[in-house]
Amino acid sequence: MADYIKGVDLSAVAEAEELGAKYYDNGVQGDIFDILKNYGVNSVRLRLWNDPYTEDGVPYGAGTNDLEVYKKLAKRAMDHGMSILLDYHYSDFWADPGKQRVPKAWRGMDADQLEQAVYDYTRETLLEMKDAGVLPQLVQVGNELTNGLMWPLGQKPEYDNIAKFVSAGIRAVRSVGSDIPVMIHLDNGGNNPMYVDWFDHYMERGENFDIIGMSYYPFWHGTMKELEANMRDMADRYGKKIVIAEVSMGFTMEDYADYEKLGPDDRKGYATKPSLVENLDYPMTPEGQAEFMNDIMKLIDDVPGGDGFYYWEAGWIPVPGSGWATEGALSYIEESGPCGNEWANQALFDYDGHALPALKTIRDYKPLHSDYPLK
């Protein structure tokens, strides 16, 4: 891994490309990996879903990130000299603080059986990646585990089961690559009491790990001062490195309905609701996005243990057919939709695929620290 990670999550990009997405730098069309490499990106985060298809084999969408998609994207990243953060969701589709569904194949299992399933699945997929030459350099065991994983048995406050499942994943990673750093990732990076409560419970029960990953979206997760205070406390309290595993900032509030070609009832609409944007310290403009990225990189650099960031879904621009879910996926997660792209105004490329100024800011930022001594 690089001393300072300048990473992006590109999990949906293969699907977006298949549906017509094109990317440009200074008006010249190019491979998104080439463009990002030229802007200093040195690592790529890729999610993995167990079985993101309906019983009839219809893709769930949002990248349909199964093992084959991972291999394809990981190879492209590694061919560009980028490291990989593998993000296990341990679900067939999105896993986050609001939903952590047991994969279809594991339904009905008790806690001990789920523990074994996590271990076997993690080990088997990593061995397949190793055989394909795309073993990740960093592994995230679970995604935004704030409220646990594989509900209801692993739902907070069932900390014994949470630790059991996470620890099974960690042991599996160690069995394949003892030197692969392991991350545990929660959301809401500005919420220090939540982090202390979660990790105090986990440390009493769970396997050792290397990195605390945080999500930080400024319109949801508090101020940057709160984020910095939490990062400093986590590094000092637990002796772990800190990575902002998900971060983004909008570059516009202009609508993109014409790009998605969806009716009003079928569009998800953007996550950055006007009421949330009113409270931001940065304007939702290309310049505001660039200023935010400069400040977040400096914050991470200034915090002992701060190891870098992954910008979430940097290339997920609005193209017809590329949304956060398909109708088939909605039945799995028991939600009603709609199914459009709610993140397009937060990518690092504009709606037409042109590189935004924030990429120059990422390229030009020079970290000052190397490695801080931790406990």
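These questions and answers go through the fold, the helices, the backbone and the cores of a predicted model.

Q: How many strands form the closed barrel, and is the pairing parallel or antiparallel?
A: In general, strands of a sheet pair through backbone hydrogen bonds, in either a parallel or an antiparallel way. Here the order around the barrel is β1-β4-β5-β6-β7-β8-β9-β10. From one strand to the next the twist averages 25°. The closed barrel has 8 strands, and the pairing is parallel.

Q: Which residue of β10 is the bridge partner of Val247?
A: Strand β9 covers residues 241–247 and strand β10 covers residues 306–311. The two run parallel and are joined by 3 bridges. In β10, the partner of Val247 is Tyr311.

Q: What angle does helix α10 make with β10?
A: Helix α10, residues 286–302, packs on the sheet. There α10 touches β8, β9 and β10. Its direction and that of β10 make an angle of about 150°.

Q: Which strands does helix α4 lie across, and at what angle does it run to β5?
A: Helix α4 spans residues 111–131. The strands it lies across are β4, β5 and β6. Relative to β5, helix α4 runs at about 155°.

Q: Why does α5 count as largely enclosed by the rest of the structure?
A: Helix α5 has 18 residues and reaches 26 Å from its first C-alpha to its last, close to the 26 Å expected. A residue counts as buried under 20% relative accessible area. Helix α5 is largely enclosed because the number of its 18 residues that are buried is 13.

Q: Is Asp9 buried or exposed, and what is its relative accessible area?
A: Asp9 lies in strand β1, residues 5–9. Among the residues it touches are Arg45, Arg47, Tyr311 and Glu313. The side chain of Asp9 also makes a polar contact with the side chain of Ser11, at 2.7 Å. Asp9 is buried, and its relative accessible area is 1%.

Q: Which peptide bonds in the loop between β6 and α5 lead into Pro152 and Pro157, and are they cis or trans?
A: Most peptide bonds are trans. Pro152 lies in the loop between β6 and α5, and so does Pro157. The bond from Trp151 to Pro152 has omega near 0° and is cis. The bond joining Lys156 and Pro157, with omega about 15°, is cis.

Q: What is the phi of Ala62, and what is that of Thr64?
A: Most residues other than glycine have a negative phi. Ala62 is found in the loop between β4 and α3, where Thr64 is also found. Ala62 is buried at 0% relative accessibility, and Thr64 is buried at 7%. Phi is positive in both: about 55° for Ala62 and near 40° for Thr64.

Q: Which element gives the largest share of the largest nonpolar core?
A: Nonpolar side chains tend to be buried together in soluble globular proteins. The largest nonpolar core has 119 residues, of which Tyr70, Phe93, Phe199, Ile296 and Phe309 touch the most other members. Among the residues that Tyr70 touches are Leu46, Leu48, Ile84 and Leu86. The largest share of the core, 9 residues, comes from α5.

Q: How many residues make up the second, separate core?
A: This core is separate from the largest one. Its members include Leu85, Met183, Val243 and Ala245. The number of residues in the second core is 8.

Conventions:
Residues numbered from 1 in each chain as written. Predicted model: local features only at pLDDT ≥ 70, side-chain atom pairs only at ≥ 80, totals over all residues. Heavy atoms only, no water. Helix = DSSP H or I, 4+ residues; strand = E, 2+ residues; numbered from the N terminus. Buried < 20%, exposed > 50% of the residue type's maximum accessible area, 1.4 Å probe, protein only. Expected span 1.5 Å × (residues − 1). Pairing = 2+ DSSP bridges. Axes fitted to C-alpha atoms, helices over the stretch in contact; angles between N-to-C directions. Contact = heavy atoms within 4.5 Å. Polar contact = N/O pair within 3.5 Å; in protein donor to acceptor, adjacent residues only side chain to side chain. Core = buried A, V, L, I, M, F, W, Y, C linked by side-chain atoms within 4.5 Å. Lists of a residue's contacts leave out its neighbours within four places in sequence.
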